[in-house]
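Trainee: I am new to this structure and would be grateful for a close look at a single part of it. Could you please take one pair of helices and then place that pair in its wider setting?

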Amino acid sequence: MSQTEYQSISPADFFYRNREIAGFSNPSRATYTAVRELLENSMDACEAQRVPPDVYLRITEMGDDRDTETKFYKLRIEDNGTGVPSDHIPQTFCQVFYGSKYTLKQARGTFGLGGTMAVLYGQITTHKPVQVISSTGGEIHEFTMMIDIQNNRASILKHNIKQNPSKWRGTALELQMEGDYSRIMYRLIEYLKQTAMVNPYADITYVDPRGRLYKFERGTEKLPPLPESVKPHPHGVDVETVRRLIAETKTRNMKNFMMEHFQGVGSITSEKFLDLAGISGKVKPKTLSPEDIVKLVRATREYSGFKRPDSSCLSPIGEELLETGIRKELTLGENDYIKVVTRRPSTYLGFPFIVEAAVATGRTVRKTHGPGITIYRFANRIPLLFDESSGVVWKAANKNINWKTYKVESDTPLVIAVHVCSTKIPYKSVGKEYMADQPEVEREVTNAIREASRGVRRYFNRRYRIAREHRRLNIFSKYLPVIAEFSAKLAGKEVPDIEPLLRIVSTDIPEVEKKLEEVPEIVEDASE
Amino acid sequence: MSKTRRSEAERRREAMEQSLTGLGNLIYEQIANQEFPWIHMQSRSTDNIMYDPEERQYVLGPRMIRRHSRNIRHMRPFTQLIWTAWFAKELVRQRKTSTLREVYYSARGQRDIEYNNQQESDNIITDMEVALNRAREDFHIFPEERSAIFGDLTIEYTVPGYEGRRTNLTDHPDGVMIGPAVTSSEFVETSADKVLVIEKGAMFTRLVEERAHDKFNAILIHTAGQSPRATRGIINRLNHDHGLPVYIFTDGDPWGIHIAMVIISGSANAAHLRGLTTPDAEWIGVWGTDIIDYKLPTEPLSEFDHKRLHELKDDPRYTGGIWQRELDVFLELEQKAELEAFSRYGLTYIVDEYLPAKLGS
C-alpha cells in the first residue's frame, strides 16, 4: 500500500505545471501569447501615463543551427509608459499574481499573470534570466532576474542604477524563450494590426525574426478617457467580498456600511434594501453572522431599486477614435462606408459593460476582404483572434440578425468590428480567446450591430437611388441622339439639337440628391 | 391595264415613303420645339382587340396609347421604332426588300438599338404597322417564305431588275414561291375561275401532278401550315380584285380548321390590318361529316385536340354556318382525319371523286 503524500505548491509552480491554461501550450502559441501579454502591459502603462503609446517590439532568432521548427528567440519590448517603481520591479515581473490591476476598473490584463508567465516560460525553456530596465522619470534601474518558481518570488542576479539625464520614462524588457515563429507569423502580425485598429493613438514598431520592419503608425494623438476605480455595485458582490469589506470597514452600522462601500447607494436606498434583506440598519457590521451575510448577498439579487452600475470605470474607444483606427488599418477610402456606434452602458451580473460596433462596406472592403461578412472582435481593446465561431459576436452576426433587412446580401462585402469593454469581460477561459454568450452581452452586441447596420442600409439605399438616377440620365443621353439622328434622316433634314432636352433631365439630378438628404431616418424598435 | 397597274404599284410605294417621312417630320418638329418626342398609336393589348361582326374579322378597339420618350421605359422601344422606320424608308426608297430576320440582324449592327432577340424586333415592326396603319409588306419587310402558288395566272413583276417582265405561274411545276416579287407583282390575267387553297405541300404536289388546275380551272395555293400574311394578301386580291371564289382544303382536325378560319376571318395578331381576310372563302374539308360519309381512316383526338376544339366552339369567329355543326361532329366522333386519308381509295381518288363532289355542291 502506497502512502498518499500531501504538499502545497506556489502559484508560480502551479502555472509552471499547467502553463497551457495561460496560453503557453506549444512553442508557436507561446510566442504569440508572450508578445501579446507584454504588449498589453505596455499599452496599459502608457495609457495610465496619458501619453500616446510608442511601443517597440523585436523578436530575434538566436544563433542556432538546429534544423527544427522550434527555435530560440530573444524578445525585446520597450514602451514610454509610467515605468515601474524600482521596489516593485522584482515582484511585478517575477511573481505570479502581483500587479497593479486588482481594482474595479477596465484594464487589458486582470490576473497579474501574463507578464510573469512570459518570463516564466522563457526561463523554463532556455534557463536564461530576464532583463528589465525601467524608470518613472528619476534614476534608471536595470534588473537581471530569475524566478524562484518553488517560492514564487524573484531572485535578483544584478541590479544597476543609472543616471537619467534625458528624463526617460518607460520600461524595456528582454527575455529569451523557445518558440516557433514561422507557424504563428500570420496571426502575430494580424494581432498587431488589429491592436492598431482599436488603439489608433498608438505607434507600434515591430522587427520580426526575418529582419522585416512593420510599422503601425498612429492616426491621432487623442486618447480615450481614463477609466476610474469604482466601488463595487451591490448586484455584483458575493459572500466573500462582503466578508472582506466587513473585516476592514470603519463604519458603525449597516446603513452606513451599505452607503460607504457600494456605489449608487444613498440613505433611502440603503434603508429600503436592508428592510428587504431583513437586517436592521442599526446593527454593527462586525456582529453580522455568516447566515446574515448570505441573507444580505441574496437580497442584493432580489432588490431592484439600485441604480445602474457606474460606468465611469469603463473606457470605451469612442465612435470617432474607433472609426479612425478602422479606416487607418483597413485603408478605407472615399468609396467605402463605415458606421460606428457606442452603445449606452449596460450590465450583466452586476458588472457594467459597453458595446461598440462598427460596420463597414465598400470597394476597398471588397478588394481586401472579399464578399461576405468578416468579423473583428475586441475586448477591452485586445483583439481576439481564436475560436471565432464559438464567440458571442459570431453568434450575433450570423444567427441573430436578418441581413436582408439591411439590404446586405450573402455576397455583400461587410466588415463587422465589435468592442466590448467591461470591468469583467465574460471570457470563457484564462487564455482570453473568446467571449461567452451572456444573455445581456449578446443582446447588446446584437443591438449594436443592428444600429450600425441601419447606417449601412441608408448608405445602400442612397447609393441605389443615385445609381438609378445616373442610369436614367445615361439612358437619355444614349437614346435621344439616336432618335434625333434617325428622325432627321427620315425627314430629310439636319439633325436637331437635343442639348435643351438633356439639360432638362440632368437638372433633375441635384433635385434628387437633395431629396435623398431629406429622407427621414427610419427609426426601428430596438428589440426588432 | 398593265400601265395603270404599274403606276398603281409606284403610287403605293410613294405613299409609303411619304408616310415614313411624315413620321420623321413629326419627331423632328417635337425635338426642334424642345419637346420630348412622342407618338400616338392604337393599343394592341388583348383587352383592346375585339371581333367586329360587320368586318368579319378582329379589329383594334378605340383605346390609344402614347409612346413617350420622357418615359424611361419607353426610351429604348421608341428609339428602336424610329430606327426601324428609317430602315424601312431606305428599303422602300432603294426598292429593296428584306425579311424580319434581316431587319433584326441589321439592327444588331447599329449601335444602341440593342435587341435581345428577334421577337423584340418583330414586335417593333408590328408597332410600326399600327402607328402608320400599314402592313409590313408595304414597308418591304417579309417573313420567311414557305408558301407557293401554281396555276394559269400571268403576273408582271415590279421589283427592280424585273420591272415589266411577265410570267405565267404554270411555268413552274413545283409552284412559285410567294415572296416579295410575287407579292408586289401585278396580276395581269387569268383563265381560272376559282382558287383552291391547300394546307400541305404533299397534297399540293399531288394536285399539280393530277392536273387539278386544269380539271377544276383553278389556281392552286399551298399555305404550308398557318398561312403567311403575304399569302393571305394574295388570296384576298384574287377574291376581292379578281372575283375568284376561294375554297380551302385542310386536315380534318382543330388545327386544319383554324388554318381555314385565319384565311377567312384573320387573326387577333393582325387586328390592326385590313385586306388580309377573305370572308367569302369557303372551307370545304376535311369535315367531320366527311369522315362518316367517306369512311375515312382516322386517328383518335388527343387531349390537346379536345381542348382546342372546345376553345374554337367559344370563339366568336365560329358562330353560324357549318362551323358549330362540324366542331360537334369531331367531338362526337372523338376522331380526326388527315388530307392523306383519301389515299386509301387510290392516289387519284381525291381529284377524281372527292373534290368534284365538294366543288359541285
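Mentor: A crossing of two helices is called right-handed if the near helix is turned clockwise from the far one by less than a right angle, and left-handed if the turn is anticlockwise. The model discussed here is predicted. In chain A, helix H8 (residues 267-277) and helix H9 (residues 290-302) have axes that come within 9 Å and cross at roughly 115°. Because angles of 65 to 115 degrees count as roughly perpendicular, H8(A) is described as roughly perpendicular to H9(A). The crossing of H8(A) and H9(A) is right-handed. On the side of H8(A), the residues in contact are Phe273(A), Leu276(A) and Ala277(A); H9(A) meets them with Lys295(A), Leu296(A), Ala299(A) and Glu302(A). By class, this contact holds five nonpolar and two charged residues, with no polar ones.

As for the wider setting, chain A also touches chain B, in a contact that takes 20 residues from chain A and 24 residues from chain B. On the side of chain A, the elements that give two or more residues are helix H13 (439-491) and helix H14 (499-518). H13(A) supplies the largest share, 14 residues. By class, this side of chain A has 14 nonpolar, two polar and four charged residues.

Turning to the partner, chain B has 13 helices and 17 strands. Of its 361 residues, 41% count as buried. Among the contacts in chain B with a separation of 6 or more, 71% are between residues 24 or more positions apart.

Technical notes: Residues numbered from 1 in each chain as written. Chains lettered and ligands numbered in written order. Predicted model: local features only at pLDDT ≥ 70, side-chain atom pairs only at ≥ 80, totals over all residues. Helix = DSSP H or I, 4+ residues; strand = E, 2+ residues; numbered from the N terminus. Buried ≥ 20, exposed ≤ 12 C-beta atoms within 10 Å, placed from the backbone. Contact = placed C-beta atoms within 7 Å. Axes fitted to C-alpha atoms, helices over the stretch in contact; angles between N-to-C directions. Parallel < 35°, antiparallel > 145°, perpendicular 65-115°, else oblique. Nonpolar A, V, L, I, M, F, W, Y, C, P; charged D, E, K, R; others polar.
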